[in-house]
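Student: Could we go through this structure together, with each term explained as it comes up?

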Amino acid sequence: MKLVVSAPPHIREDISVEKIMWSAVIALLPVAIVAVYVFGLPALYIVLMSVFTAVLTETIVQKTSNKRITIRDGSAVLIGLLLALLLPPNVPLWIPIVGVIIAIVFAKHAFGGLGHTMFNPSLIGFAFLMMAWPTLMIPAPIPRFSTTLPYVLEYGASRLVETSPLAMIGALYLLYKKYIDWRIPLSFIAIVALSALLLRIDASSIFTGGLILGAFFLATDHSTTPVTKNGRFIFGAGCATLIIIYGHFGNYFEGICYSILLMNCFTPLIDRYTKPGERSWLRRS
Amino acid sequence: MKQITTMKMPEKVVIPVSEPLVDVGEMVKVGQKIGEGEHSSVSGEVVAISKLPHPFGKSVLSAVIKTSGDVSVEFQPKKNPSPDEIKQIIKEAGIPAELSPSDIVILNGTDEKPYVTANHALMLEYPDEIIKGLKILMKATGASRGIIGIGVSDSDAMEIMNATREGGIETIPLKTTYTQGMEDLLKHAIIRDAEAMVSTVGMAKAVYDAVFMGKPLIETVVTVTGARETQNVLARIGTPLRSIIEHCGGYKGEPKKIIVNGPMTGVAQPTDEVPVIKGTYGILIQYDVQMEETQPCIDCARCVDVCPMNLLPNVLATSADNARFDICATYRVVDCVECGACAYACPSKIPIVQLIKYAKAELEGEE
């Protein structure tokens, strides 16, 4: 009888990084499918090209730097898919390629890869494209059909993710499985809703697919957001406040992307100031 | 159905004794004192006194007693003992309990479900003894309140204890989490501002035996999970794990891991020859053990969400890994109760508890 002697705990939860990443990918697939339904093949090409480029770029980066290839963990696929969803359907196909390369090479691996990113890679890719080719990133004027089913199928959508906020219902599964935290989306959505109510902002202009994607998928990216419980409330609230300010003077969709990126900068600071304090009841004796 | 099965006399017992009062070749009786606070749990011949494997790792000086017959010393209960006498009896009986003046005595009746059910079984089987033991503990510490914490899922135990309890004793339902049993957390969960003494229902039973029966602590209830039959066994202190597992029908296959006490904080054993000691409450046998590869931390903060001490295990583990023990100290690494909840929840399979222990050891060395 040969017994294994290892340290406790001797049971582990059935959870892995792969599970977290691939579940997010699966939760986003419905909205990608709706986008292809609404926009046709161009949307399909954008999604496929983004994901393919992400996987290829990560393989090349890890091969050339003699690291273990980790494309199977789903993180690269998720970065590619998220960026694709932020794009309008009329961009040339090289746009997602460039954006994804920036995201994977500079925002992810230059910072040390999975777990070490400072800024959400997909949003860095998006911001880069917005600055480099602003004219190409403008959604083509699409004749706005009257939507019969708002939030389910938005024919007037100008970006892939905006075609159906409801298709991202899979986020609830991620919350239920605790793959993403509930605190960030809660304060995020609550503050946006409250501001919209007080400032009389038209709900249809603010409660878009972009906001749902931001609250549940972009602002909950693990390594770029605070780890303390209170910090996560603050992070969500900060994103929401910035969105309202950006949106008031500019564009709500870009506001969502830039506010999350800006809040990423504050993550270390938030973590430091929400550091858990001393427990008085423990040290009594 | 009987909750607790009694083992037949084991062939031999191995009892850790720091300063033996007996010699090799000597005959001992059940309950005979063989060391300071140590008693023989069987009758027979002392065949060896040497360093032998102990369930907590290192080898310790232990007496091996080969069983023959069942002769017991005469147990002499004491009537109406004073608080000081109770303290003396508890010490003499070898019950590992710290009796300090308290306002409240808390008994832990929760278990690491579903792997351990020993406390649950004790409450169903010995409610009177537990209540009387608690009364004695209250008298000895001067406490006016006694509280028994019972897992919310154990409604049958709750009913029995409520039917048996007397004035001054309360029962409270506790959400059974793996960490609930930890002393400080239990205190915190029940009461914050009072001097409280925490013990277990098993210890209360032992106190009852010592005071009302005059019997030292020589047996304990152990939950065996993973043998052919899952059972709560009343085992004599010093019984080798192998004998208890045989009592439960033996192994189901080729065992890969034998763990003493619960799955979250228990210790994996190199051999099944180690004995049951005071404080052993579970034996867990695993047949399928997979070594999982560690991946980098993704700061998902699942560990933060489950930490009962409100720490940041991810920061502690990463800092310990980078030998930045100063950061570990700032983030209160000393407060960690090593419950293992973080490592359980970690998707990257990082050995967080070991890293934290490492940081604690390094910090202690510096002082």
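Student: Which residue stands opposite Val224(B) in E16(B)?

Tutor: Opposite Val224(B) stands Ile283(B), a residue of E16(B). Before going on, please note that this is a predicted model, in which local features need pLDDT of at least 70 and side-chain atom pairs count only at pLDDT 80 or more, while totals for chains, interfaces and linings use all residues. Residues are numbered from 1 along each chain as its sequence is written, and chains are lettered from A and ligands numbered from 1 in the order in which they are written.

Student: What makes E12(B) and E16(B) a pair?

Tutor: Two strands pair if DSSP finds at least two bridges between them, and strands themselves are DSSP runs (E, at least two residues), just as helices are runs of H or I with at least four residues, both numbered from the N terminus. E12(B) and E16(B) share three bridges in the parallel sense, so the definition of at least two is met. E14(B) is also joined to E16(B), by four bridges and in the antiparallel sense, and there Ile259(B) has Leu284(B) as its bridge partner.

Student: Why is E16(B) called largely enclosed?

Tutor: A residue is buried if 20 or more other C-beta atoms lie within 10 Å of its own, exposed if 12 or fewer, and partly exposed in between, with C-beta atoms placed from the backbone. Four of the five residues of E16(B) are buried, so the strand is largely enclosed by the rest of the structure.

Student: Which strands of the sheet stand at the edges, and why?

Tutor: The open sheet has six strands in the order E1-E13-E12-E16-E14-E15 (chain B), with mixed pairing. E1 (4–6) and E15 (267–269) of chain B each have a single partner strand, so one side of each is left without a neighbour in the sheet. For E1(B), three bridges in the parallel sense link this strand to E13(B), residues 231–236, and Thr6(B) stands opposite Leu234(B) there.

Student: How do you know that helix H2 of chain B packs on the sheet?

Tutor: Two residues are in contact if their C-beta atoms, placed from the backbone, lie within 7 Å. Helix H2 (residues 118–125) of chain B touches E1, E12, E13 and E16 of chain B. Its direction makes about 125 degrees with that of E12(B), where axes are lines fitted to C-alpha atoms, for helices over the stretch in contact, and angles run from 0 to 180 degrees between N-to-C directions.

Student: Why is chain B, with its twelve helices and 16 strands, called as compact as a globular protein of its length?

Tutor: The radius of gyration is taken over C-alpha atoms, and the globule rule is 2.2 Å times the number of residues to the power 0.38. For 367 residues the rule gives 21 Å, and chain B has a radius of gyration of 21 Å, so chain B is as compact as a globular protein of that length. Of its residues, 53% count as buried.

Student: What makes helix H9 of chain A mostly covered?

Tutor: Ten of the ten residues of H9(A), residues 209–218, are buried, among them Leu211(A), Ile212(A) and Phe216(A).

Student: Where does chain A divide into domains?

Tutor: Domain 1 covers 16–178 and domain 2 covers 180–273, with bounds that come from an automatic or database domain assignment. Their C-alpha centres lie 18 Å apart, and the contact takes 28 residues from domain 1 of chain A and 21 residues from domain 2 of chain A.
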